[in-house]
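Okay, thanks for coming, everyone. I'll put the structure up and walk through a few spots on it, so have a look at the screen.

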Amino acid sequence: MHRSEKVWLALSFGMIMGFMIFTGYQTFALEMGPPSAKETIDPQRVDEIAPFNEPGVKQVGENEYEVVMTLQIFSFTPHDIEIPAGAKVTFILTSKDVVHGFQVAETNINAMVVPGHIQRITQTFEKPGEYLVLCNEYCGAGHQMMATTIKVK
Ligand code: CUA
């Protein structure tokens, strides 16, 4: 083998190892891995299992809300969400069928919602307005229609 081939091989192998160590460190030492793998649920019985048997917006503290939401082809339940500006909101999400996305425009929220897993995201909406919620994982023929809004007042 030519010397420069060996150099490039060593270099690319080193880079791969470097990236793996870096992402492994982030995932396991800094706990930056996806949180969705921690809580599981039977995706076929979502409707019977609390809290998903009653999807909706619930006030859980003085300025704290919970939004229990199911995602299914091709909708979000509930689809009319209203929350006060400045409140701490925890979204509790699961899918009833395939992998969906939960992305809220103008925020950092961008999550994968995987059947069998429960996803929790906490966010405070400081600015009143209508926030567009989109499914950003291709989930079938109606994927492009899967959207809703969050009204912040
Ligand atoms: Cu749900 Cu795309």
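Let's start with a pair of strands: strand 7, residues 100–104, and strand 8, residues 110–113, run antiparallel and are joined by four bridges. Before I go on, keep in mind that this is a predicted model. Within that pair, Gly-101 sits opposite Met-112 of strand 8. The two strands make a hairpin, with five residues between them. Look in the turn for Glu-106, which has a positive phi of about 70°.

Strand 7 has another partner too. It pairs with strand 10, residues 129–134, again in the antiparallel sense, over two bridges. There, Val-104 has Val-133 of strand 10 as its bridge partner.

So how many of the five residues of strand 7 are buried? Four of them are, so the strand is largely enclosed by the rest of the structure. Buried here means under 20% relative accessible area.

Now over to strand 5, residues 80–83. Which residues of strand 5 are on the covered face, and which on the uncovered one? Ile-81 and Ile-83 are on the covered face, while Asp-80 and Glu-82 are on the uncovered one. Strand 5 is joined by four bridges to strand 11, residues 147–152, and these two run parallel. If you want one contact to find on the screen, take Ile-81, whose bridge partner in strand 11 is Ile-150.

Zooming out a bit, the domain assignment splits the protein into domain 1, 3–33, and domain 2, 37–152. Their C-alpha centres lie 35 Å apart.

That takes us to helix 1, residues 3–29. What span should we expect from its 27 residues? At 1.5 Å a residue, the helix should span 39 Å, and its end C-alpha atoms are 37 Å apart, which agrees. After helix 1 comes Glu-31, with a positive phi, near 55°.

Last stop is the surface. Phe-13, which is found in helix 1, belongs to a nonpolar surface patch with Ile-16, Met-17, Met-20 and Ile-21. Together they have about 530 Å² of accessible area. Is Phe-13 buried or exposed? With a relative accessible area of 54%, Phe-13 counts as exposed, because the cut-off for that is over 50%. As for the spacing of the patch, remember that an α-helix has 3.6 residues a turn, so residues three or four places apart point the same way.

That's my tour, and I'm happy to go back to any of those spots.

Key: Residues are numbered from 1 along each chain as its sequence is written. This is a predicted model: local features need pLDDT of at least 70, side-chain atom pairs count only at pLDDT 80 or more; totals for chains, interfaces and linings use all residues. Side-chain values use heavy atoms; hydrogens and water are left out. Domain bounds come from an automatic or database domain assignment. Patches are made of residues with over 30% relative accessible area and no salt bridge: like charges are joined within 9 Å, nonpolar side chains (Val, Leu, Ile, Met, Phe, Trp, Tyr) within 5 Å. Accessible areas come from the Shrake-Rupley method with a 1.4 Å probe; for residues, only the protein chains shown count as cover. A salt bridge is a side-chain nitrogen of Lys or Arg within 4 Å of a carboxyl oxygen of Asp or Glu. Buried means under 20% relative accessible area, exposed over 50%, partly exposed in between (1.4 Å probe, protein chains only). Two strands pair if DSSP finds at least two bridges between them. The expected span of a helix is 1.5 Å times one less than its number of residues.
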